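Good morning, and thank you for the time. I would ask everyone to look at the sequence and the model on the screen before I begin.

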Amino acid sequence: MRIRIVDAFTDRPYTGNPAGVLLLDHDTFPEDGRLQSVALEVNHAETAFAHRLPEGGDADWALRWFTPVAEVAMCGHATLATAHVLRTTGAHTGPVRFATLSGVLIATPHEDGSLTLDFPTAPLTPVEVPDGVAEALGAEPLTTFDTGPNTGDLLIEVADEKTVRGLTPDHKALARHSERGIIATARAEDPSQGYDFVSRCFFPNLGIDEDPVTGSAHTALAPYWSERLGRPGLTGLQASPRSGLVRTELRGDRTRLTGHAVTVIEGELLA
């Protein structure tokens, strides 16, 4: 099988979030242990596995995502990376429908090379700040929300962009406070720089201390900031060391996530 490493939510190599992408030659997934072994070998935040589905159904391709240690129910950047590979290799043209653990997800290509993902909007539930979160994160939360079953994160707003950028959390301590991880966010200090809010995402429970650019987190960030800023369309900057931009558009119970992707490595899986 061909294996590709794709940088997602960026138009420049070696930035954004890298994902492994494997388009399978057969119409079923290998056993889970093999998928997990490949994902561990790739050792990026996510590795995506996809195979073609019969024509005439609700979806065109089946898609699963694995971190180095576990399968996840939703992943934005690896979905974007997979849609990018399908388009650039000619394996699929036009919008593509993926059958996933989070239902049917659609990726639509655009003439400028970007892709838009149609994902379920995360249901945000206000929660009390769990004891120890402020100390583990290294900042005092202003508000805290649970992001629901698809992601299982805590969304935490902190004082300002400078605080988000300066976080040095205790990852082991953070792992005790959510199913998947912590999304830290703040309003952009200067929106003229091309983004409306900033975030960083920490997922120690999935073997990812900090995820570079997290599409699925923006299904929670979009409704959160759209309500506060009064606009359905926003741009988020994930202020990790690799960094990346996610354009969001809130449409009720669906959120659209738009970004670019770049293939940086292509090879052959030998085992």
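I shall go from the chain as a whole to its empty spaces, and then to selected residues.

Please keep in mind throughout that this is a predicted model.

Let me begin with the overall form. The chain contains 6 helices and 18 strands. Its C-alpha trace extends over about 50 × 35 × 30 Å along the principal axes. For 271 residues, a compact globule would be expected to show a radius of gyration near 18 Å, and the chain, at 18 Å, agrees with that. Of the 271 residues, 56% are buried. Among contacts with a separation of 6 or more, 63% join residues 24 or more positions apart. As for the surface, the accessible area is about 11500 Å², and carbon and sulfur atoms account for 50% of it.

I turn now to the empty space. As a general remark, rolling a probe the size of a water molecule over the atoms reveals where such space is left.

The largest pocket encloses about 240 Å³. Its lining is made of 16 residues, and those closest to the centre are Phe 9, Thr 10, Asp 11, Gly 244 and Leu 245. Which elements give two or more residues to this lining? They are β15, at 233-238, β16, at 244-251, and β17, at 254-259. The largest share comes from β16, with 3 residues. By class, the lining of the largest pocket holds 3 nonpolar, 9 polar and 4 charged residues.

Next, the cavities. The structure has 3 of them with a volume of 30 Å³ or more.

The largest cavity has about 70 Å³ of space. Of the 14 residues that line the largest cavity, Glu 46, Arg 180, Asp 211, Thr 214 and Ser 216 are nearest its centre. Two or more lining residues come from each of α2, at 76-89, and β14, at 208-211. The classes here are 6 nonpolar, 5 polar and 3 charged.

The second largest cavity has about 50 Å³. Its lining includes Ala 83, Leu 86 and Arg 87, together with His 92, Thr 93 and Gly 94. Val 96, Ala 107, Pro 109 and Leu 115 also belong to that lining. At least two residues each are supplied by α2 and by β7, at 103-109, and α2 provides the largest share, 3 residues. By class, the lining of the second largest cavity has 6 nonpolar, 3 polar and 1 charged residues. Helix α2 therefore deserves a second look on the screen, since it gives two or more residues to the lining of the largest cavity and at least two to that of the second largest.Let me move to helix α6, residues 218-229. Is this helix largely enclosed or largely open to the outside? Because 9 of its 12 residues are buried, α6 is largely enclosed by the rest of the structure. The buried residues run through His 218, Thr 219, Ala 220, Leu 221, Ala 222, Pro 223, Tyr 224, Trp 225 and Ser 226. Just after the helix, Gly 230 adopts a positive phi of about 75°.

A residue in contact with this helix is Leu 155. Leu 155 lies in strand β11, residues 153-157. With a relative accessible area of 1%, Leu 155 falls under the 20% limit, so it counts as buried. Where do its contacts lie, once neighbours within four places in sequence are left aside? From α6, Leu 155 touches Ala 220, Leu 221 and Tyr 224. Its other partners are Leu 124, Thr 143, Thr 144, Phe 145, Thr 147, Ile 183 and Thr 185. In sequence, Leu 155 and Leu 221 are 66 residues apart, while their C-alpha atoms are 7.9 Å apart in space.

Finally, I draw attention to two residues with positive phi that are not glycine. Tyr 14 has phi near 70° and sits in the loop between β1, at 2-8, and β2, at 17-23. At 63% relative accessibility, Tyr 14 is exposed. Ser 243 has phi of about 65° and belongs to the loop between β15 and β16. Its relative accessibility is 24%, so Ser 243 counts as partly exposed.

That concludes the presentation, and I am glad to take questions.

Notes:
Residues are numbered from 1 along each chain as its sequence is written. This is a predicted model: local features need pLDDT of at least 70, side-chain atom pairs count only at pLDDT 80 or more; totals for chains, interfaces and linings use all residues. Side-chain values use heavy atoms; hydrogens and water are left out. On a 1 Å grid over the protein atoms alone, a cavity is a set of points where a 1.4 Å probe fits but cannot get out, and a pocket is an open set with protein on both sides within 12 Å along at least five of seven lines; lining residues have an atom within 4 Å of a point. Grid points are joined across faces, edges and corners, and a volume is the space filled by probe spheres set on the points. Helices (H or I, at least four residues) and strands (E, at least two) are DSSP runs, numbered from the N terminus. Ala, Val, Leu, Ile, Met, Phe, Trp, Tyr, Cys and Pro count as nonpolar, Asp, Glu, Lys and Arg as charged, and the others, Gly among them, as polar. The radius of gyration is taken over C-alpha atoms; the globule rule is 2.2 Å times the number of residues to the power 0.38. Buried means under 20% relative accessible area, exposed over 50%, partly exposed in between (1.4 Å probe, protein chains only). Contact means heavy atoms within 4.5 Å. Accessible areas come from the Shrake-Rupley method with a 1.4 Å probe; for residues, only the protein chains shown count as cover.
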